[in-house]
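Colleague: Could you take me closely through one part of this model, the paired strands? After that, please go on to the aromatic side chains.

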Amino acid sequence: MNRVYAWWHALERGSSQDWMTNVGLLLLLSACLWAAWLLVTRHLLRAAGKTRLVWDDALIHAVRRPVSWLIWLWPAAFSLGVMIDNLTDYPTAFLSVVRHLMLVWTFIWVLLRLITNAEDAISANAKDATTINAISKILRLTVLVVGGLVMMQNLGLSLSGVLTFGGVGGLIVGMAAKDLLANFFGAIMIYFDQPFKLGDWIRSPDRQIEGTVEKIGFRMTVIRTFDQRPLYVPNAVFSSIVVENPSRMLNRRIKQKISLRYRDVDRIQPVVDSIKAMLVAHPDIETTHRTLIVNLDHYGASSLDILIYTFTKTTNWVAYQEIQQDVMLKVAAIVQQHGAEFAFPTSTLHLSQSPERRLESVRMEQAAG
């Protein structure tokens with residue numbers, strides 16, 4: 001064990017004479033460690049696949065590739081130092097910093113992959129994928145910022161100076177990029193207020209915005225319109241417009257007016273009662289917790305108008321259209337069943353007759369009598 005430690009210490013200082021053998025041993029050691037690592041992770045993946053936890057699979061997949069790269073790059077840095085020490089007069093002190101940066105970057109890489117894997121695994125069965133997506137983005141940003149500060153410290157930069165410069169620079173950047181910051185805080189408000197989430201159908205009466213939410217980014221939200229065009233909306237827009245979310249409706253409304261003739265006035269009440277009974281008995285109409293109205297509503301210019309106001313149990317648009325068609329056909333059958341007819345715009349024209357025509361009409365009536 002002491003010989004191995006002495007060999008490694010001499011290798012690190014570059015004082016070994018048989019440097020070509022040492023480089024070969026390092027490469028051989030890397031190959032053995034890499035093969036052993038692949039074998040271990042393969043068995044760990046099999047064991048993790050038998051459990052219901054998502055974190056074990058996410059952790060193993062997150063660690064596997066970064067550690068594999070580190071197994072090769074770390075000895076490669078030592079080998080490069082040995083070659084430089086024995087073939088050139090250049091100093092190799094910078095390689096120590098490089099090795100430290102390798103460790104920091106590997107740790108950052110593992111955390112980023114772990115966050116992504118956990119996000120994918122949790123979002124697959126989560127009801128609110130938008131919140132999970134927001135938390136994962138904040139965690140990734142935090143890891144990158146902290147990792148960047150650690151790497152700067154390894155490079156010899158003063159963190160106090162960096163933070164001071166960052167405060168002044170942040171003020172300047174904030175003034176120059178106020179729209180970008182407005183979009184960023186708009187995204188934060190969307191994540192916290194949750195007026196909509198991924199997959200929701202939204203529209204705005206203030207703007208020509210309507211479609212399905214595909215992505216909520218830190219700068220803009222991607223909405224797929226119903227004619228399959230992508231619509232890119234800056235997040236700051238949502239703080240100044242009214243957004244309607246039809247995806248969260250509880251029921252869909254059927255609101256129709258049917259017009260009957262004035263000569264069918266004595267049939268209005270039986271028609272209204274039959275339509276109301278039909279809606280109450282309809283299996284797809286919600287009558288327990290929603291308003292149901294069937295009444296004579298208006299005296300039209302040439303018709304008596306009956307208002308039908310009710311709600312369906314489903315919110316699916318295609319199913320709603322089928323239910324509304326069924327209701328309208330049954331209403332038409334009820335009108336015909338009671339001997340009434342639908343009205344259409346009509347007008348009556350009264351013509352005045354001349355005295356001669358009136359006298360002739362009287363004579364014809366007397367002759368006929």
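Modeller: Strand S2 (residues 209-216) runs antiparallel to strand S3 (residues 220-224), and four bridges pair them. This is a predicted model. Lys215 shows the register here: its bridge partner in S3 is Val222. The link from S2 to S3 is a hairpin of three residues.

S3 also pairs with strand S4 (residues 230-234). That pairing is antiparallel too, with five bridges. Thr221 faces Val233 of S4 as its opposite residue. The hairpin of S3 and S4 has five residues between the strands. Within that hairpin, Gln228 has a positive phi near 70°. One general point helps when you look at side chains here. In a regular strand they alternate between the two faces of the sheet.

Now the aromatic side chains. The structure has four aromatic pairs. One of them is Trp34 with Trp72: the ring centres are 6.1 Å apart and the planes meet at 55°, so this pair counts as tilted. An angle over 60 degrees would have made the pair edge-to-face. Trp34 belongs to helix H2 (residues 19-49) and Trp72 to helix H3 (residues 55-87), so the contact ties together parts 38 residues apart in sequence. Trp34 is partly exposed, at 34% relative accessibility. Trp72 is partly exposed as well, at 35%.

Tyr309 and Phe311 form another pair. Their ring centres lie 5.5 Å apart with the planes at 85°, so the geometry is edge-to-face. Tyr309 is buried, with 19% relative accessible area. The cut-off for buried is under 20%. Phe311 is also buried, at 15% relative accessibility.

Back to the two tryptophans. Trp34 and Trp72 join Leu27 in a nonpolar surface patch of about 290 Å². Patch members need over 30% relative accessible area. Trp34 has 34%, and Trp72 has 35%.

One further ring is worth a look. Tyr320 has the charged end of Arg252 over its ring, 5.7 Å from the ring centre.

To put the parts side by side: S3 pairs with S2 over four bridges and with S4 over five. Trp34 and Trp72 link H2 with H3 and contribute to the nonpolar patch. Tyr309 is buried, and so is its ring partner Phe311.

Key:
Residues numbered from 1 in each chain as written. Predicted model: local features only at pLDDT ≥ 70, side-chain atom pairs only at ≥ 80, totals over all residues. Heavy atoms only, no water. Phe/Tyr/Trp six-rings, centres within 6.5 Å; stacked < 30°, edge-to-face > 60°. Helix = DSSP H or I, 4+ residues; strand = E, 2+ residues; numbered from the N terminus. Buried < 20%, exposed > 50% of the residue type's maximum accessible area, 1.4 Å probe, protein only. Lys NZ or Arg CZ within 6 Å of the ring centre and 35° of its normal. Patch = residues over 30% accessible without salt bridge, like charges linked within 9 Å, V, L, I, M, F, W, Y side chains within 5 Å. Areas by Shrake-Rupley, 256 points an atom, 1.4 Å probe, with all protein chains shown as cover. Salt bridge = Lys/Arg side-chain N within 4 Å of Asp/Glu carboxyl O. Pairing = 2+ DSSP bridges.
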